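Open your viewer and keep the selection tool handy. We'll walk through the model one stop at a time.

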Amino acid sequence: MKIKLNKNDIDSALIQQIERMSGETIKRCYQCGNCSGGCPVSYAMDIPPTQVMRYLQLGMVEELMEANSMWVCVGCLQCFSRCPQSVSVANTLEGLRQLVLRKGVDHDRIEDIPLPMLKSAPQQAIVCGFRKFVS
Amino acid sequence: MKIPYYPGCTLNTVAKDFDTSAKESARAVGFEMEDLEQWNCCGASFPLTPDNIMGLSAPAKVLSGAKKAGDTLTTLCSVCYNVLKRTNKVMQDDKTRRKSVNEFMEDDYDGSLKIVHYLEVLRDDIGFAKLKETVTKPLEGIKAGAYYGCMLLRPFDDIGIDNAEAPTIMEDMLKALGATPVEFPDKIECCGAHLAMNNKEVVTRLSGNVIDSAVREGAEIIVTTCPLCQYNLESVQESVGATAAGVPIVYFTQLLGLALGQDIEQLGFDANGGAAKKYLKRKGLL
């Protein structure tokens, strides 16, 4: 894939906003791949954790907004736990989720949750799910 | 010794057995868990974006209320523990966020509470040696896999209950009860957590891996500290391999209660499809 690097994209206001929201310094990541190796759900992500950081370093936010990665991340913090640079991909992905949710766009709706699950699941699953998926 | 206790929403309802077995066991080893007079849900997830002040307000409210009951607060659910402990650290270390949260709550909480998990009380205040002496029914022949998951351990700098990659606190407790702990590779892996709500495929794979990994190493029963881990592992039983299917998934306090001589009918082993009862019977413990 050929990418034309553009300073305006790399240091865009949106990238700065993502850094501000997530508290992460995107350029600290040196692409060792430990996060993707430890992530239990990287197999299910359109763009796995290491590449999430690379896309952001290149200013390619649009691709990430279309990928499922932010919605599949379970926030288990294995990525952060094993990062030699103390970068949290989980925090970064939560920043991306918040970008969507703070615009009032829901990723999930209560009527889509299967009724047997609503009846039997621990409340914490629903409360946490709503924090992660609903604006 | 009395310790203020935060039950949280799940232990107050669907995981009541976890709550009652812990309280009974506490009495047997010499401390009393006192429910906070007033509490609310912790939010069930620590906000990972530091600018999300709203997400800190619910747990901060719990902490502020708990401070009026004492200097220490204990809890059982891994998620409550994680959220309360991390929020407490923010209130302790981060002046700016502390000010914002306090202004929003119209309160003045300073983060001076000490948050301890029930397992830490057993290890650090009671001591596993003393626990061993208190055991009336040693769990001989019980091969138990201690499943930690994520929230009890990570991030290490904020939580610090044990080594985040190779914890032993639950194995040490199991040994004190006379059981045989079984090490397995997936003991600190995630169960799929809140994806139970919308991604069955991921939960089936992750929880299935945990069960398979434990059974492959010889575990005959799996012990957990988290109602969501318990639910997720239990819910994928039909999807795992034939040898792993039906392995009982219980709270650590249920085995603790059994070893301390609690009445089996009060321990709630029925909730797990009766698998635990059958297993314990087979081992001659019932």
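Start in chain B by selecting strand E1 (residues 2-6) and strand E3 (residues 72-75): these two pair in the parallel sense over two bridges. A pair here needs at least two bridges found by DSSP, and helices (H or I, at least four residues) and strands (E, at least two) are DSSP runs, numbered from the N terminus. Now click on Tyr6(B); its bridge partner in E3(B) is Thr75(B).

Before moving on, some housekeeping. You're looking at a predicted model, in which local features need pLDDT of at least 70, side-chain atom pairs count only at pLDDT 80 or more, and totals for chains, interfaces and linings use all residues. Residues are numbered from 1 along each chain as its sequence is written, while chains are lettered from A and ligands numbered from 1 in the order in which they are written.

**Stop 1: the sheet around E1**

Widen the selection to E2-E1-E3-E4 of chain B, and you have an open sheet of four strands in that order, paired in parallel. Strand E2 (32-35) and strand E4 (114-117) of chain B are the edges; each has a single partner strand, so one side of each has no neighbour in the sheet. From one strand to its neighbour the turn is 45° on average, direction ignored. As background, strands of a sheet pair through backbone hydrogen bonds, either parallel or antiparallel.

Next, add helix H4 of chain B, which lies across E1, E3 and E4 and runs at about 160° to E4(B). Angles like this run from 0 to 180 degrees between N-to-C directions, with axes fitted as lines to C-alpha atoms, for helices over the stretch in contact. Helix H6 (residues 118-126) of chain B also packs on the sheet, touching E1, E3 and E4, and its direction makes about 90° with that of E4(B).

**Stop 2: the other sheet in chain B**

Select E6-E5-E7-E8 of chain B: that's an open sheet of four strands in this order, with parallel pairing. Its edge strands, E6 (180-182) and E8 (249-251) of chain B, each pair on one side only. The twist averages 40° from one strand to the next.

Zoom in on strand E5 (residues 143-146) of chain B, which pairs with E6(B) in the parallel sense over three bridges. Lys143(B) stands opposite Thr180(B) in E6(B). Then show helix H12 (residues 252-259) of chain B; H12 lies across E5, E7 (221-224) and E8 of chain B, at about 70° to E8(B).

**Stop 3: two domains of chain B**

Colour residues 2-118 of chain B as domain 1 and 131-282 as domain 2. Those bounds come from an automatic or database domain assignment. Their C-alpha centres lie 24 Å apart.

How many residues of domain 1 of chain B are in contact with domain 2 of chain B? There are 23, and they meet 23 residues of domain 2 of chain B, where contact means C-beta atoms, placed from the backbone, within 7 Å. On the domain 1 side, H2(B) gives the largest share, nine residues.

**Stop 4: where chain B meets chain A**

Show both chains: the contact takes 36 residues from chain B and 34 residues from chain A. On the chain B side, H11(B) gives the most, with three residues. For a last look at chain A, colour domain 1 (7-103) and domain 2 (108-135); the centres of these two domains of chain A, taken over C-alpha atoms, are separated by 25 Å.

Technical notes: Two residues are in contact if their C-beta atoms, placed from the backbone, lie within 7 Å.
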